[in-house]
Amino acid sequence: MGYSDPAIDFNTPEGANRYRHSTSHVLAQAVKRLYPGVKLGIGPAIENGFYYDFEFAEPISADELPRIEEEMKQIIKERLPIERHEMSREEALAFFRERGETYKLELINDLPDDAVISFYTQGEFTDLCAGPHLEHTGQIKAFKLTGLAGAYWRGSEKNPMLQRIYGTSFPSEEQLQEYLAKLEEAKKRDHRKLGRELDLFSLQEAGPGFPFLHNNGMIIWQELIDFWRQEHRRAGYEEIKTPLILNRELWEHSGHWDHYRENMYFTTIDGQNYAIKPMNCPGAMLVYRSRMHSYRDLPRRIAELGQVHRHEPSGTLHGLTRVRSFTQDDAHIFMCPGQEEAEVAGVIALIDRFYRQFGFAYRVELSTRPEKAMGSVEQWEHATAILEKVLQDKGIPYQINPGDGAFYGPKIDFHLTDSLGRSWQCGTIQLDFQMPEKFDLTYIGEDGQKHRPVMIHRVIYGSLERFLAMVIEHYGGAFPAWLAPVQAVVIPITERHHAYGQEVYHTLQEASLRAELDDRNEKVGYKIREAQLRKIPYMLVVGDREQEAKLVAVRHRDAGDQGSSPLSGFIAALEEEIKLKK
RNA sequence: GCCGACGUAGCUCAACGGUAGAGCAGCUGAUUUGUAAUCAGCAGGUUGGGGGUUCGAGUCCCUUCGUCGGCUCCA
């Protein structure tokens with residue numbers, strides 16, 4: 001099985017991985033040549049590229065990447081054959097010990113006893129590697145080093161931090177350029193850029209991680225909430241609002257003090273200790289507990305748009321997607337044992353309904369028991385089995401994310417992808433047997449005795465801030481009419497059309513449409529250009545012809561000039577478009 | 001929090017250690033315009049903050065805050 005033409009195989013994931021994995025070896029070889037004392041970490045292929053981790057004697061800077069690229073080109077020019085061979089464990093250890101490759105030694109020591117220890121050699125460079133690889137280095141046609149970053153050895157903050165060089169490679173220069181151009185294009189959709197350009201929100205030095213929403217952003221926010229309320233009423237939810245600040249005792253009681261303290265903000269009122277809520281659940285528990293429940297009341301689905309504050313490490317903050325204060329579209333479902341499956345299934349259906357509305361593709365994960373968890377292993381297994389069963393019954397593909405559950409229960413997570421391909425958790429469904437216990441929640445069963453309810457914590461949007469970011473990037477700022485901050489702008493051609501423009505504008509306003517009148521002293525082309533840049537869906541040009549016949553000349557953001565129509569007809573069509581959330 | 005980079009006008013970006021500039025946006029005036037930029041003028045800054053080196057710092061050094069790319073973490 002030859003591999004003389006990498007372009008043929010590149011279209012399969014295996015082929016692309018092999019190609020890029022070999023590129024990462026070329027990178028390591030180049031670095032070894034340029035920085036003799038360097039120690040090697042690992043260097044796998046990843047989605048869209050590869051990386052290699054190094055420990056340099058002196059940290060290098062990004063300016064040095066071009067120099068490394070030059071050396072890589074040299075290695076490619078040398079067309080070094082890439083050859084596989086095996087060593088015994090002892091030989092392998094001796095090989096790396098001699099070369100001072102302490103990280104490689106660690107890797108070998110962690111290999112299972114019966115593992116085949118294989119190596120790949122190209123020229124003077126040999127690396128521990130399972131392969132497979134290309135036949136020779138000359139097969140790499142186009143590559144680029146794309147970044148330099150710190151990364152903990154084996155992903156643990158307890159380990160030393162290595163320097164990771166990222167890169168990508170393709171079988172042709174055209175494909176590489178195409179990929180880089182696509183990345184540039186994607187950057188234009190970045191919600192942080194669009195947020196400023198479209199005046200949706202801002203991030204200020206006065207409050208790192210605490211976003212400011214502007215009027216345009218608030219309009220989208222409110223539409224998201226209106227849609228949410230409507231759907232939740234239909235799905236049988238109630239809505240509550242609980243305080244942002246509650247006393248410390250409550251958080252000690254709920255387990256947050258033990259399990260979540262380092263993420264919480266605290267304050268003092270009249271000498272008493274309070275915490276700013278990082279989660280909404282305790283508030284919902286108190287509401288549940290404020291009266292008696294019969295099994296006939298259950299399931300009780302109690303929703304809350306709750307603003308939470310969490311102290312996230314400064315280095316993790318990111319636009320609207322990772323903040324320190326956000327609004328969860330939370331709900332807590334209290335139910336009798338046995339109702340779990342139906343309720344979890346109901347929430348999954350609701351999440352699907354929402355994401356479908358926006359056309360989001362999503363990925364599902366099942367997160368299991370973390371190290372720091374409340375409750376017995378049996379309870380966790382029981383809860384996890386329920387979640388797993390629902391996913392399987394529904395035929396939903398999912399990955400297991402071990403140890404990533406909440407401290408009170410396992411969860412199903414729903415991930416969306418941003419414009420640069422980064423994945424963000426939005427929806428989540430968490431099954432909780434702990435909190436009802438902690439708060440001694442009860443209901444009266446058919447038998448007249450007290451019983452313990454089970455609880456689900458769930459969010460659909462996840463955080464409204466994060467979801468808003470996803471919405472911005474998904475539409476690239478060109479929002480559908482139901483979300484658009486301004487739905488139509490009236491553009492009179494000259495001053496002589498201002499009165500009619502006013503009339504049109506007022507009629508739109510009275511129909512509760514979000515309209516603007518652009519009566520500035522500018523040419524039509526100028527006003528249209530500006531409206532296009534603001535991504536306003538409809539532009540209504542009015543001049544002599546329109547004024548005379550009570551028409552509007554409709555221009556659509558994407559479809560262009562639509563010709564003239566009676567104002568009433570335009571309004572009816574727009575109202576329909578909004579109602580259908582097209 | 002950790003590693004690296006970057007902070008110059010509202011925005012995008014210039015300025016060999018030697019008087020901080022441009023385009024767009026803004027304001028004023030002229031122009032009354034038919035589907036992506038009319039013309040002219042004006043104004044706009046303790047170069048993120050603080051310290052230091054130097055005759056002299058946007059530029060070099062230290063420190064701090066913020067942002068960006070990752071790592072860890074997470075809605």
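## A parallel pair of strands

In this predicted model, strand S24, covering residues 488–492, and strand S26, covering residues 538–542, pair in the parallel sense over five bridges. Within this pairing, alanine 488 stands opposite tyrosine 538 in S26.

## The sheet around the pair

These two strands belong to an open sheet of five strands, whose order is S25-S24-S26-S27-S28 and whose pairing is mixed. The edges of the sheet are formed by strand S25 (515–517) and strand S28 (560–566), each of which pairs on one side only. From one strand to the next, the twist averages 25 degrees.

## Antiparallel neighbours

Strands S26 and S27 run antiparallel and are joined by four bridges, and here tyrosine 538 stands opposite histidine 556 in S27. Tyrosine 538 therefore faces alanine 488 in the pairing of S24 with S26, and it is set against histidine 556 of S27 as well.

Strands S27 and S28 also run antiparallel, with five bridges between them, and valine 552 has serine 565 in S28 as its bridge partner. The connection from S27 to S28 is a hairpin that passes through three residues.

## Helices against the sheet

Helix H16, made up of residues 498–510, packs on the sheet and touches S24, S25, S26 and strand S27 (551–556), while its direction makes about 165 degrees with that of S25. Helix H19, made up of residues 567–579, lies across S24, S26, S27 and S28, and runs at about 120 degrees to S28.

How values were computed: Residues numbered from 1 in each chain as written. Chains lettered and ligands numbered in written order. Predicted model: local features only at pLDDT ≥ 70, side-chain atom pairs only at ≥ 80, totals over all residues. Heavy atoms only, no water. Axes fitted to C-alpha atoms, helices over the stretch in contact; angles between N-to-C directions. Contact = heavy atoms within 4.5 Å.
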